[in-house]
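Me: I would like to go through one structure with you, term by term. Please set each value against its definition.

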Amino acid sequence: MMSKEAVRIVIHLTVNRIRWAGAFQVIDQMPGGVGAAPQSVLLPGPGWRRWFGLGAGPSCYAALGLSLAERSPTINPVPTRVRKGPLKMLVELRAENYAVIDHTIAVFGPGLNLLTGETGAGKSILVDALALLMGGKSSAEVVRHGADKAVVSCVFEATAGAETILEENGIDAEGHEIILRREILSSGKGRVFVNNQPATVAVLKQLAPELALVHAQDETLTSFDQAQQRILLDRFAGISTEEVSQAYSRWRAAEARLSELVQGEQDRLRMVDLWSYQRQEIEAARLEAGEDEALETEKRVLANAEKLYSAAMSAFDQLYEGGASAEAALRSAVRSVEELARYDSRFGETAEQLKAARATVGDASESLRDYAESINASPERLAAIEDRLAALDRLKRKYGSSVAEVIAFGTEVAARLAEVEDKDEILKALREDREAAISAYQSAAGSLHEERKAAAGKLAKLAEAQINGLAMKVRFEIRVCLGEQETSWTSAGWDTVEYQIATNPGEPLKPLDQIASGGEMSRVMLALKVSVEEGAARPKNKSATPRTLVFDEIDIGIGGRAAEAVGSKLKALSRGQQVLCVTHLPQIAAFADQHFLIDKREADGRTKTQIRLLDDRARTHEVARMLSGAKVTDTSLQHAGQMIATSR
């Protein structure tokens, strides 16, 4: 009998002619049909079944009852890192007809995900694709030559903040995942979908701070503006902006109400005469809710009084008064049945039923007689009702479709007049409310300012040490500027937080977004993130921060010990959140939890970029290539193995 260890799993996906072996291992590629090129596919993660329209289902190992420990060594499973805590991360990234990629799916894991490859292979393509899904600017140039459109999509594990953003934009949640998709047509136009529902680029930008922060090679810090810099400082200090946000909302509401009253004063004065006339006209009518409907009913009765009297009295005669009336017939029947019941008890109940019917006929007859007697064929009353209804119709044409709406309009007009008459008192109350709101905001914002100033010095000191440990020699400061003018007030306080840096001795400090090098930018961001994660306070309600960080070309201009320090910092950072990084250096690649190889090949006269997740053996070979160049030697393989083992 074949043991579990000897089982080799092969899955055929007929949709794309892809052959898979193992739970997560591509073993080869199959042609996509006559004249079609092979598909480059990597790792089916949680969202791949939905993308292929196969629905949800267990993994192939789970279906066979095999645990991770029972996988066959011949299948070369990818090492799995045990996740600890509620880590939210990027699960999958897919690109079709994007740049030189025809069709690729990359499945990322928790921890440190590193992308390597030869220069010019297109390592930054995936980073650019993810930046596009975070609301980056699109261009028709990204569409693969000969294709109608490029499609990039990804699956993130949902966060509470992201789900709130979806709800605010009327987008339904998709379980515990958020699916983003963006299509760029060759004409330059595009479409956005979130959880397979139409959306906008603005929604992607709202979601980005909750999901991922991308530091691309050509980035100008658009995603790390002063708002993001403040959020990072607040996270480090464990600052909550809830109190100042509530005070800000109260102040804005008081300002809006006061402004409305003051600015609309002239309009109100012009309208006073009209409102007074309208109020007098409505009050003089002495309206009652539902009055028009009652009068219409009475009018119909009076207009048809003769017909109604005749019909009521005819029914009364047939039921009660006439010789052949129903009451007389029932009375006779009751006597006969009672006689039967004297000899046969079975008819006792029948006699009671007939008596009840007779009583019902009597009640109905009495009601008909009373109705007929109440009919007053008064021409004077009919004329009065018609005059009243005409007056009500005139009011309804002016002020509402029903008497109830006219009454409501009169109440509203009376309130406006009272507001004008009591303007001084109302203004006084509103100004007092505004002053109280201002005082509450200033108190909350002032406390926040002091907390940020204290935290800024600590974070700047930590960050400067971290940056200088990455082959840079810089001065770094965080300035927290107080904006006491109301124009500077926001729901996060009145502070302007700006990170400043001098990258060379003797140079003045400049804002962070004026750094020229993308590699320097990535290293600065890495140092900041590590400083925050290692030194952050831990309040109950910590400020939100993206759970996936992406760094492109973080190793430009460094090597040796500096490169190892960068790798070590990336590894430390990845313990708290998922990290994706493009690197050229073996010292950094050795720290990977998941190592992806990007290479460029020519097939059928076209250049294609392919992405592969490396197993242990392939990973060692790739690090050796990065050490020794095109020719991999036994010495470089041994050295690579030692580097990987040491970095774990």
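Me: What span is expected for helix H13 at 1.5 Å a residue, and what does H13 reach?

Reply: This is a predicted model, where local features need pLDDT of at least 70, side-chain atom pairs count only at pLDDT 80 or more, and totals for chains, interfaces and linings use all residues. Residues are numbered from 1 along each chain as its sequence is written, and side-chain values use heavy atoms, with hydrogens and water left out. H13 covers residues 379-399, 21 in number. The expected span is 1.5 Å times one less than the number of residues. That gives 30 Å for H13, and its first and last C-alpha are 30 Å apart.

Me: What puts the buried residues of H13 on the same side?

Reply: Buried means under 20% relative accessible area, exposed over 50%, partly exposed in between (1.4 Å probe, protein chains only). In H13, Leu382, Ile385, Leu389, Leu392, Leu395, Lys396 and Tyr399 are buried. They cover an arc of only 145 degrees around the axis, so they lie on the same side of H13. Pro379, Glu380, Asp387 and Arg397 are exposed on the other side.

Me: Why are H4 and H5 called roughly antiparallel?

Reply: Angles over 145 degrees count as roughly antiparallel. The axes of H4 (residues 160-168) and H5 (residues 201-211) cross at roughly 170 degrees and come within 9 Å. H4 and H5 are therefore roughly antiparallel.

Me: Which residues of H4 and H5 meet?

Reply: Contact means heavy atoms within 4.5 Å. Gly161, Ala162, Ile165 and Leu166 of H4 meet Gln206, Leu207, Glu210 and Leu211 of H5.

Note on methods
Axes are lines fitted to C-alpha atoms, for helices over the stretch in contact, and angles run from 0 to 180 degrees between N-to-C directions. Helices (H or I, at least four residues) and strands (E, at least two) are DSSP runs, numbered from the N terminus. Angles under 35 degrees count as roughly parallel, over 145 as roughly antiparallel, 65 to 115 as roughly perpendicular and the rest as oblique. The arc is that of the directions from the helix axis to the C-beta atoms.
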